[in-house]
Amino acid sequence: MIHESAKIGKNVVLGEHVVIEENVTIGDDVMIGHHAIIKMDTQIGSRVKVGDLTVLGKTASSNKKMARQPKKTGAPLTIEDDAVIGSNAVIYRDVLLAQGVFVGDMASIRENVSVGKESIIGRNAMVENNTNIGSRVTIQTGCYITADMKIEDEVFIGPCCSTSNDKYMGMGNYQYQGPIIKKGAKIGNNATLLPSVVIGEHAVIGAGAVITKDISAGKTAVGNPGRVMN
Amino acid sequence: MIHESAKIGKNVVLGEHVVIEENVTIGDDVMIGHHAIIKMDTQIGSRVKVGDLTVLGKTASSNKKMARQPKKTGAPLTIEDDAVIGSNAVIYRDVLLAQGVFVGDMASIRENVSVGKESIIGRNAMVENNTNIGSRVTIQTGCYITADMKIEDEVFIGPCCSTSNDKYMGMGNYQYQGPIIKKGAKIGNNATLLPSVVIGEHAVIGAGAVITKDISAGKTAVGNPGRVMN
Amino acid sequence: MIHESAKIGKNVVLGEHVVIEENVTIGDDVMIGHHAIIKMDTQIGSRVKVGDLTVLGKTASSNKKMARQPKKTGAPLTIEDDAVIGSNAVIYRDVLLAQGVFVGDMASIRENVSVGKESIIGRNAMVENNTNIGSRVTIQTGCYITADMKIEDEVFIGPCCSTSNDKYMGMGNYQYQGPIIKKGAKIGNNATLLPSVVIGEHAVIGAGAVITKDISAGKTAVGNPGRVMN
């Protein structure tokens, strides 16, 4: 089903059973996989590839218990030229994927998130709302990027890293703040970052480390709790 | 494809290419996303929302090597009023989701599980079989809730927590028992709970902690192995 | 949509809206779920079950920043007799799943991977490229199996384990090497294995351990960093 209001460029290849809702724009030379769903207002540039069974432009939902009710509106999902999106992914409204971004299979990105040029969001990675990700960042498979986080350019986050933004775990009396990861820092696989920690420029966090305090620029921290080695 | 035996209420909005199998019941004012699959016998209340590309009511499967062969029958999946289910989720037969439950995108819940009122099963969380989850529980994104586990009311489990139920890891000579998490306990992100540990009422487990022994009510434990701080 | 070149055996049950591309071969008594996508050249044996919303035979993709560009060709995906694949899974071209393999819901397996007879790839597990997995191996829910890894027969890997293959995290000056897990070794849940570590035959790694060095055959290691106990 392609809504009559959709604007579709030249040489676009659409898979079987694709659903394109109202006010969608798709550039030239785009490939959309089978059973993909492009929700209303989504803006897709040229030469973008979208995998099978992927949802683009989902509106946030909630239940009564949730601390923060998502906004029902917001900007459309915008995907710039040359981006590549995998299969079975779910990307929300009010997300900007800059030129050449790669989003792996089964990854998900929530609303009010921007991802800079050529960055990689690995397979099965989950990115929560209100987070900014710089350019040429690598977020590997299975990472959890919490809400209210800032990741600067050229950061490398190994597989399965976990972050959090709520120091009091659901008590509701805390200004949520995710970790802040400065330019060029590297985080080893399955590391754990606590709310609001700052990882300095070019700092290195060892695999499996649990980081409870800020780590200065250029330092290396390992262990549980994480301690600086150098 | 909507099977002729399906009973569908008033003001139900069905997406494109929805599949509804035999003996499904759907209440009033329900929204079902595109390409969603509602398997036989599934019972859905009123004002429920189901995301795109989600499977409801899957029958368990197995191969020869599996220690426990799943039952081929069991009660239907029952989803009570006002529940919200995300996109690309997979929920099995013989699951009860009570009123107002929220299940995130890409989450999965296996058979013989009940989830109490208004609880949240986060995005990409995996819940195994034979587990009971109380009311107003929060299970955040990417958690792994093993089989044979009990989670009481108002528990909070941070993102990416991992649990297990098999002390001898596949040897087959052990009565499986997952962790038991008592009322109001809080578990930090990426914590690891070993088989059969009991986390007492209102106990707090630090982020990244590895819990190998029971933790008493009201205590806080951190580190690897986890030690009580207070 | 079933391409006219597809060869489909006897007693095959196809779900609704299945897509079968060119040169696919399917044996007898196979069940394919609703909205499943079988990409070109995929070879499926007899008595195989494929869940709903699953992609079989995906071709690898990439963006400019990726260290290694995937090959655009390679052998087809081959699934031997009696294999069972879950729902919402994504399996690539150039993968061999031997007889009786089980792949859970939402699992993904990338190119140039072989999985031996009767092995289990758990739900939501991610297997990267260039990895060999033996026979009767159990990889539980949510594990991350990195690229360039070798897992011998009868290994047991508990839920949520994480591995890595890049000692210098994206610097590009390192020969990638994932962990090597020898026959019958057991890895506890949420353990972290660093690049190129060797886990000896029948060694046991505790839940939540961070393994930075080789562990000898028959030894048990726990903690962060992992230390041998016996």
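**Salt bridges, interfaces and backbone in a three-chain model**

Analyst: The count over all chains comes to 33 salt bridges. The model is predicted.

User: Why is the pair A:Asp81 and A:Arg47 called a salt bridge?

Analyst: The cut-off is 4 Å, from a side-chain nitrogen of Lys or Arg to a carboxyl oxygen of Asp or Glu. The side chains of A:Asp81 and A:Arg47 meet at 3.7 Å, N to O. That value is within 4 Å, so the pair counts as a salt bridge.

User: Which parts of chain A does the pair of A:Asp81 and A:Arg47 tie together?

Analyst: Two loops. A:Asp81 lies in the loop between strand 10 (78-79) and strand 11 (84-85) of chain A. A:Arg47 lies in the loop between strand 7 (43-44) and strand 8 (49-50) of chain A. The pair therefore ties together parts that are 34 residues apart in sequence.

User: What makes C:Lys58 and A:Asp105 a salt bridge?

Analyst: Their closest N and O atoms are 2.5 Å apart. The limit is 4 Å, so the pair qualifies. Between chain A and chain C the count is 3 salt bridges.

User: How many residue pairs are in polar contact between chain A and chain C?

Analyst: There are 18 such pairs, with both residues at pLDDT 80 or more. On the side of chain A that touches chain C, strand 26 (186-187) and strand 29 (204-205) of chain A are the elements that give two or more residues. By class, that side has 15 nonpolar, 17 polar and 7 charged residues.

User: How many residues does each chain bring to the contact of chain A and chain C?

Analyst: Chain A gives 39 residues and chain C gives 46 residues. Together the two chains bury about 3,100 Å². Carbon and sulfur atoms account for 57% of that area.

User: How do you know what relation holds between chain A and chain C?

Analyst: Superposition gives it. A rotation of 120 degrees lays chain A on chain C, with 0.0 Å of shift along the axis. The RMSD is 0.0 Å. That is the relation of a three-fold axis.

User: What turn and what shift lay chain B on chain A?

Analyst: The turn is 120 degrees and the shift along the axis is 0.0 Å. The RMSD is 0.0 Å here too.

User: What is in the contact between chain B and chain A?

Analyst: 39 residues of chain B touch 46 residues of chain A. The buried area is about 3,100 Å², and carbon and sulfur atoms give 56% of it.

User: What makes B:Asp52 and A:Lys39 a salt bridge?

Analyst: Their side chains meet at 2.8 Å, N to O. The limit is 4 Å, so the pair is counted. Between chain B and chain A the count is 3 salt bridges. The count of residue pairs in polar contact is 18, both residues being at pLDDT 80 or more. The side of chain B that touches chain A draws two or more residues from strand 26 (186-187) and from strand 29 (204-205) of chain B. That side divides into 15 nonpolar, 17 polar and 7 charged residues.

User: How do you know whether the bond from A:Asn224 to A:Pro225 is cis or trans?

Analyst: Look at omega. For the bond joining A:Asn224 and A:Pro225, omega is about 0 degrees, and the bond is cis. A:Pro225 sits in the loop between strand 31 (220-222) and strand 32 (227-228) of chain A. Chain B has a cis bond from B:Asn224 to B:Pro225, with omega near 0 degrees. B:Pro225 is in the loop between strand 31 (220-222) and strand 32 (227-228) of chain B.

User: What is the sign of phi at A:His17?

Analyst: Phi of A:His17 is positive, about 60 degrees, although the residue is not a glycine. A:His17 lies in the loop between strand 2 (13-14) and strand 3 (19-20) of chain A. C:Cys160, also not a glycine, has a positive phi near 70 degrees. C:Cys160 lies in the loop between strand 23 (156-157) and strand 24 (162-163) of chain C.

User: Where does UniProt place the domain feature in chain A?

Analyst: An unreviewed UniProt entry places "domain: Mannose-1-phosphate guanyltransferase C-terminal" at residues 78-161 of chain A. In the model, that span is 0% helix and 37% strand. Its end C-alpha atoms lie 27 Å apart.

How values were computed:
Residues numbered from 1 in each chain as written. Chains lettered and ligands numbered in written order. Heavy atoms only, no water. Least-squares fit on C-alpha atoms with pLDDT ≥ 70 in both. UniProt positions renumbered as here; feature names shortened; annotations may be inferred. Helix = DSSP H or I, 4+ residues; strand = E, 2+ residues; numbered from the N terminus. Contact = heavy atoms within 4.5 Å. Buried area = accessible area lost by both parts, 1.4 Å probe. Polar contact = N/O pair within 3.5 Å; in protein donor to acceptor, adjacent residues only side chain to side chain. Nonpolar A, V, L, I, M, F, W, Y, C, P; charged D, E, K, R; others polar.
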